[in-house]
Number of protein chains: 2
Amino acid sequence: MKDQVIQFLHDNRDKHLKQLEEFLKIPSISSLSEHKEDVLNAAKWVEQELHQIGFEQARIMETEGLPVVYGEYIQNPEAPTVLIYGHYDVQPVDPLHLWESEPFAPEIRDNKIFARGATDDKGQVFMHLKVMEAILSMEKTSPVNFKVLIEGEEEVGSPNLPAFAQNHADLLKADLAVVSDSALVEKGKPTITYGLRGLAGIQIDVKGANSDLHSGEYGGGVMNPIHALVEIVSSFKDKEQKVLVDGFYDDIPELSEEEREALAAVPFDEEKLKNSLEVPSFNGEKGYTYTERTSARPTLEVNGMFGGFQGEGIKTVLPNEATAKITCRLVPDQDPEKIVQALTDHVHAQTPKGVTVEVTPFDKGKPYVTPFDHPVIQKAAEAYEAVYKSETAYIRGGGSIPIVAELDEILNIPVVLMGFGLPDENLHAPNEHFHLENFDQGMQTLVNYFYLLKN
Amino acid sequence: MKDQVIQFLHDNRDKHLKQLEEFLKIPSISSLSEHKEDVLNAAKWVEQELHQIGFEQARIMETEGLPVVYGEYIQNPEAPTVLIYGHYDVQPVDPLHLWESEPFAPEIRDNKIFARGATDDKGQVFMHLKVMEAILSMEKTSPVNFKVLIEGEEEVGSPNLPAFAQNHADLLKADLAVVSDSALVEKGKPTITYGLRGLAGIQIDVKGANSDLHSGEYGGGVMNPIHALVEIVSSFKDKEQKVLVDGFYDDIPELSEEEREALAAVPFDEEKLKNSLEVPSFNGEKGYTYTERTSARPTLEVNGMFGGFQGEGIKTVLPNEATAKITCRLVPDQDPEKIVQALTDHVHAQTPKGVTVEVTPFDKGKPYVTPFDHPVIQKAAEAYEAVYKSETAYIRGGGSIPIVAELDEILNIPVVLMGFGLPDENLHAPNEHFHLENFDQGMQTLVNYFYLLKN
């Protein structure tokens with residue numbers, strides 16, 4: 001029967017890609033309030049799709065923010081229940097001029113589909129929908145019970161999902177959770193992510209005078225908010241990229257030799273990555289490898305900074321405000337709230353005289369690690385390897401899926417992070433895309449997995 | 001006859017203000033190429049006005065960039081010839097949302113005229129035009145000969161005017177130059193500016209990877225161009241606002257005790273200025289007073305800085321480029337070319353690994369000081385004092401009028417800087433305006449001056 005399910009996916013491939021394009025066309029950018037209607041349309045699209053593939057129950061459920069879509073297909077109380085989590089919201093698209101095709105007009109080129117959300121995460125959510133559809137069409141039942149939870153605020157840090165999960169812990173009760181919102185470590189290499197970084201951030205707004213000033217009349221007298229902000233931001237790190245915020249590293253156990261060896265075994269081709277990103281060299285926290293720095297060590301990055309004149313040429317202005325948006329990627333056992341407090345204290349301590357400063361915290365997510373010898377993780381590896389014919393890599397993800405740590409904590413179930421993206425698919429950047437070979441092989445892997453879980 | 005000239009100005013005040021509004025309506029922003037047509041229209045407006053007030057000669061003359069308007073009225077070879085310099089171009093208007101009325105829809109409120117260019121410099125150029133018109137109407141001749149040179153690139157550093165002056169040194173030959181593009185030190189106080197700061201600047205463009213990256217996937221591995229730029233910019237100054245660029249202060253003689261005393265005598269009300277700008281305190285180079293720092297000492301200011309996400313909320317991106325626009329105000333005998341080179345060398349020396357940097361020089365102007373005991377300067381003080389009934393202050397201006405040093409050097413004539421603005425008229429900022437009491441009293445002062453020069 002499993003083979004017929006896979007055949008169904010094969011036979012309907014063109015139709016499925018057309019459907020995926022419809023999903024990708026919806027500009028469901030959760031961070032921009034002008035896209036609220038689009039975000040709600042993406043939720044409706046998922047709800048309708050769940051009905052269409054044969055779920056008895058599918059509904060949009062409100063939160064304090066954007067809604068979640070919940071659905072279930074429960075036929076066999078003996079079979080294990082899988083909670084599938086994903087998100088229908090996407091990142092903003094600027095800078096728009098760097099996109100080769102429109103972000104919300106999906107285009108297939110070179111066996112890749114290009115669109116905002118193609119790999120993060122609509123494409124991968126869609127794979128689960130089609131796998132469940134294929135199983136229900138062929139079996140008229142399913143080897144496992146499904147619960148589906150697709151949210152709309154992942155890209156803004158899932159501020160309302162923990163409360164939702166807490167309030168609906170019974171509804172979401174399952175034996176394991178499966179999340180496809182990560183990437184293979186490289187083309188053709190099955191990859192299970194056993195850890196994720198958390199997230200905490202702040203926005204810093206520095207104000208000087210009550211209006212922009214002439215830099216000749218006032219320059220030298222009135223403090224320039226950009227210089228004040230530069231002074232604050234430069235104090236966050238030393239030249240070896242070590243974070244200087246008090247207490248930042250306090251709760252992080254040193255990496256064990258064992259883990260450092262495991263991370264050293266993860267494939268990493270420095271020259272190839274340098275060439276593909278076109279950077280002259282890498283630069284990060286001293287004393288750690290690239291892999292460690294991007295997955296097992298915390299970071300502090302300015303995501304955006306701006307003040308003063310941005311036009312063409314010269315404008316001799318002394319600006320009156322400047323802003324920086326900063327996020328940290330966290331590792332166990334850093335606590336996002338403590339980190340936000342430490343950042344805030346640091347900013348206030350480093351603000352020079354002559355300006356005022358305001359710090360706004362961003363929503364946060366906890367870091368996460370899980371043991372990778374759990375049977376549901378080992379079965380995921382088996383499912384992958386049958387398709388990809390290569391040994392599974394166990395990695396720690398550099399990114400954050402804020403709800404993963406919360407699901408683990410609230411529902412107390414293992415979370416299996418089996419993603420099918422690739423690291424160079426430009427997620428969060430112009431020209432996001434998804435390799436269709438992983439669309440095909442990933443769906444086969446998921447079919448395998450659900451049949452393996454049955455036993 | 002002088003009294004009739006002043007009466008003429010009085011009688012025609014309403015008509016003149018209407019004409020000034022027409023001039024101010026032209027959005028002649030020289031730094032933005034999309035306004036090129038407007039800049040040319042402003043030049044035409046000045047040319048027509050010169051014809052209309054009775055000049056025998058007035059024409060638009062080409063340069064390598066935007067044109068100058070030249071006119072002359074020469075009736076008496078015995079009389080001194082005055083070269084009047086000003087500019088018809090204006091600064092950009094962003095941030096537009098902070099303007100209370102449209103920048104190019106002049107509005108008179110509270111006996112002030114609000115518009116971009118009202119005080120810098122269209123309003124003051126217009127005063128000269130009306131004074132000359134009044135004299136020619138009443139006298140049918142003039143106590144002095146006039147040459148008029150109004151340019152269109154002052155706000156972008158007058159890149160082409162030095163070459164123009166060099167190529168037309170004979171045409172521009174005069175006994176003195178008069179420039180009204182500065183401010184009274186305070187309301188009611190005649191002010192002659194005997195020094196001006198020069199200008200030199202660079203744009204710094206830092207590039208990282210070939211596209212924006214996911215801050216989770218790459219954060220900690222790939223150098224963030226904003227952090228690189230922050231590191232560069234923070235290295236420009238120490239915490240006491242001293243510039244750390246090698247050689248920056250080398251060519252500046254220490255201020256003499258005499259000059260420090262003169263500058264200390266310039267009216268300055270710290271509390272009042274702090275309240276009017278709404279800043280908690282001032283902050284500038286240690287060891288110098290506010291007046292010294294804003295006029296007799298050089299500065300380095302970031303006029304604009306930007307990179308990464310600028311939208312609402314959060315976007316966890318590792319940006320791939322960042323830019324800073326920097327200008328220095330210079331004092332004698334700093335050389336703009338040497339300073340640009342020193343800044344450029346500094347940037348390259350301070351650029352961290354993992355990024356590439358590009359430095360673009362901005363056009364420059366030399367600093368200027370002139371002895372204030374010259375007879376044409378003393379007559380200007382006399383002309384002022386007869387109207388304002390207050391003793392003249394001799395100050396050094398913090399801003400730059402790049403061509404002043406060049407006129408001095410090329411034509412070898414004294415340059416008299418007698419301006420009629422006020423320091424809080426928001427030049428280069430939203431809600432630029434010009435006090436009409438100085439429009440009236442300034443024109444009387446100019447009439448006085450031209451009659452005094454005759455003798």
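Biologist: Which exposed residues sit on the face of H2(B) turned away from its buried side?
Modeller: That face carries Asp14(B), Lys15(B), Lys18(B) and Glu22(B). Keep in mind that this is a predicted model.

Biologist: And which residues of H2(B) are buried?
Modeller: His16(B), Leu20(B), Phe23(B) and Leu24(B). Seen down the axis of H2(B), the buried residues fall within an arc of 90°, so they line one face of the helix.

Biologist: Why would residues three or four places apart point the same way?
Modeller: Because an α-helix has 3.6 residues a turn.

Biologist: What do the buried residues of H2(B) pack against?
Modeller: Three elements of chain B: helix H3 (36-53), strand E5 (112-114) and helix H4 (122-139).

Biologist: How many residues are in H2(B), and what span does the helix reach?
Modeller: H2(B) has twelve residues, 13-24. From first C-alpha to last it reaches 16 Å, close to the 16 Å expected at 1.5 Å a residue.

Biologist: Switching to the two chains. What turn lays chain B on chain A?
Modeller: A turn of 180°, with a shift of 0.0 Å along the axis. The RMSD is 0.1 Å. That is the relation of a two-fold axis.

Biologist: Which residue of chain B comes closest to that rotation axis?
Modeller: Phe306(B), with its C-alpha at 2.1 Å.

Biologist: How many residues does the contact take from each chain?
Modeller: 85 from chain B and 87 from chain A.

Biologist: Which element of chain B gives the most to the side that touches chain A?
Modeller: E11(B), with nine residues. That strand spans 299-308. Other elements supplying at least two residues each include helix H8 (225-234) and strand E13 (321-330) of chain B.

Biologist: How do the residues on that side of chain B divide by class?
Modeller: Into 31 nonpolar, 38 polar and 16 charged.

Biologist: Through what surface do the copies meet?
Modeller: The same surface, because 100% of the interface residues of chain B are also interface residues in chain A.

Biologist: New topic, domains. Where do they run in chain A?
Modeller: The domain assignment gives domain 1 as 2-196 + 367-454 and domain 2 as 200-252 + 298-361. Their C-alpha centres lie 36 Å apart.

Biologist: How many residues does the contact between them take from each?
Modeller: Four from domain 1 of chain A and five from domain 2 of chain A. The domain 1 side has two nonpolar, two polar and no charged residues.

How values were computed: Residues are numbered from 1 along each chain as its sequence is written. Chains are lettered from A and ligands numbered from 1 in the order in which they are written. This is a predicted model: local features need pLDDT of at least 70, side-chain atom pairs count only at pLDDT 80 or more; totals for chains, interfaces and linings use all residues. Helices (H or I, at least four residues) and strands (E, at least two) are DSSP runs, numbered from the N terminus. The expected span of a helix is 1.5 Å times one less than its number of residues. A residue is buried if 20 or more other C-beta atoms lie within 10 Å of its own, exposed if 12 or fewer, and partly exposed in between; C-beta atoms are placed from the backbone. The arc is that of the directions from the helix axis to the C-beta atoms. Two residues are in contact if their C-beta atoms, placed from the backbone, lie within 7 Å. Copies are superposed by least squares on the C-alpha atoms of residues with pLDDT of at least 70 in both. Domain bounds come from an automatic or database domain assignment. Ala, Val, Leu, Ile, Met, Phe, Trp, Tyr, Cys and Pro count as nonpolar, Asp, Glu, Lys and Arg as charged, and the others, Gly among them, as polar.
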